[in-house]
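User: I am new to reading helix packing and pockets. Can you walk me through them?

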Amino acid sequence: MVVQAQEGLLTDTAHILVATAVPAERDAVARGLHDGGPIDVVAVGVGPAAAAAGTATALTKAALAGHPYTLVVSAGIGGGFTAPPGAVLVADAITAADLGAETPEGFVPVTELGFGTVTHRPPASLVRDLAARTGATVGTVLTVSTVTGTADRAALLAQRHPGAVAEAMEGFGVAEAAAAHGVPVAEIRTVSNAVGPRDRAAWRIGDALAALADAFGKAAPVLESWKNT
């Protein structure tokens with residue numbers, strides 16, 4: 001399902017795809033968008049594989065229709081390493097935290113095995129402008145296939161990725177699809193819980209979704225005016 005911010009023709013200068021995991025995130029983003037913006041919001045599924053497949057499908061459909069996307073944004077709620085619930089985070093790096101191999105010496109990322117990539121970097125100017133507009137903290141957003149549920153795992157990820165501000169499950173998949181289509185990518189997250197011991201009573205999903213809507217209300221002019229120069 002695609003939720004469009006504007007009915008009818010989109011502008012020639014910007015056609016933006018925002019990919020969320022679930023409909024609740026999609027609807028929060030759509031609520032925050034200004035009327036008249038050339039932004040489509042799609043719930044592409046949970047986890048990096050579903051996110052990559054769903055994003056790639058949307059990108060392909062738009063390209064075949066003669067209206068290709070000019071920017072892809074991975075968006076949603078996630079766990080924060082130090083930021084409190086409701087905080088806005090913008091990725092300057094989108095990293096697959098657990099893509100690689102465990103060895104007797106420790107974890108080895110897939111790049112050190114001679115394959116693929118583990119990090120996509122959003123355009124620096126876009127990151128800067130989004131952070132300034134939304135008041136976001138900037139840092140690495142980790143993509144994991146299994147959500148962290150222990151203090152030991154949280155400490156391990158923080159040690160392995162000292163610039164990490166959040167973990168979620170879709171950003172790297174979205175970024176892989178965008179890269180395959182030659183389209184720049186960004187990631188915006190709001191914090192619903194702390195990365196660490198799993199405590200559902202401490203989750204603030206409603207606050208995070210409200211913050212996500214507010215963040216996209218502020219971010220929309222930046223996204224719509226940004227040009228990949």
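Analyst: Let us start with one pair of helices. H3 and H6 cross in a right-handed way. Keep in mind that this is a predicted model.

User: How do I describe two packed helices in general?

Analyst: Two values do the job: the angle between the axes and the distance between the axes. Now the case here. Helix H3 covers residues 124-134, and its axis comes within 9 Å of the axis of H6. The two axes cross at roughly 140 degrees.

User: What word describes how H3 and H6 lie to each other?

Analyst: They are oblique, because angles over 145 degrees would be needed for roughly antiparallel.

User: Which residues make the contact between H3 and H6?

Analyst: From H3 come Leu126, Asp129, Leu130, Arg133 and Thr134. From H6 come Ala215, Lys218, Ala219, Pro221, Val222 and Leu223. By class, this contact has 7 nonpolar, 1 polar and 3 charged residues.

User: H6 also packs with H1. At what angle do H1 and H6 pack?

Analyst: The angle is about 40 degrees, and the axes are 7 Å apart. H1 and H6 are therefore oblique to each other. H1 passes H6 in a right-handed crossing.

User: Which residues of H1 and H6 meet?

Analyst: H1 gives Ala24, Glu25, Ala28, Val29 and Gly32. H6 gives Leu209, Leu212, Ala213, Phe216 and Gly217. The classes are 7 nonpolar, 2 polar and 1 charged.

User: Let me try H2 and H5. What should I read off?

Analyst: Use the same two values. H2 spans residues 48-64 and H5 spans residues 171-180. They pack at an angle of about 35 degrees, with axes 7 Å apart. The crossing of H2 and H5 is right-handed.

User: What meets what in the contact of H2 with H5?

Analyst: On the H2 side are Pro48, Ala51, Ala52, Thr55, Ala56 and Leu59. On the H5 side are Gly173, Val174, Ala177 and Ala178. This contact has 8 nonpolar residues, 2 polar and no charged.

User: Now pockets. How do I read one?

Analyst: Ask about its space, then its lining. The largest pocket holds about 550 Å³ of space. It is lined by 26 residues. Closest to its centre are Ile77, Gly78, Val147, Ser192 and Asn193.

User: Which elements give two or more residues to that lining?

Analyst: Two helices do, H1 (23-32) and H6 (205-225). So do three strands: S4 (71-80), S10 (164-168) and S11 (185-194). S11 gives the largest share, 4 residues.

User: How does the lining of the largest pocket divide by class?

Analyst: It has 14 nonpolar, 6 polar and 6 charged residues.

Notes. Residues numbered from 1 in each chain as written. Predicted model: local features only at pLDDT ≥ 70, side-chain atom pairs only at ≥ 80, totals over all residues. Heavy atoms only, no water. 1 Å grid on protein atoms, 1.4 Å probe; cavity = no way out; pocket = protein on both sides within 12 Å on 5 of 7 lines; lining within 4 Å. Points joined across faces, edges and corners; volume = space filled by probe spheres on them. Nonpolar A, V, L, I, M, F, W, Y, C, P; charged D, E, K, R; others polar. Axes fitted to C-alpha atoms, helices over the stretch in contact; angles between N-to-C directions. Parallel < 35°, antiparallel > 145°, perpendicular 65-115°, else oblique. Left-handed = near helix turned anticlockwise from the far one by under 90°. Contact = heavy atoms within 4.5 Å.
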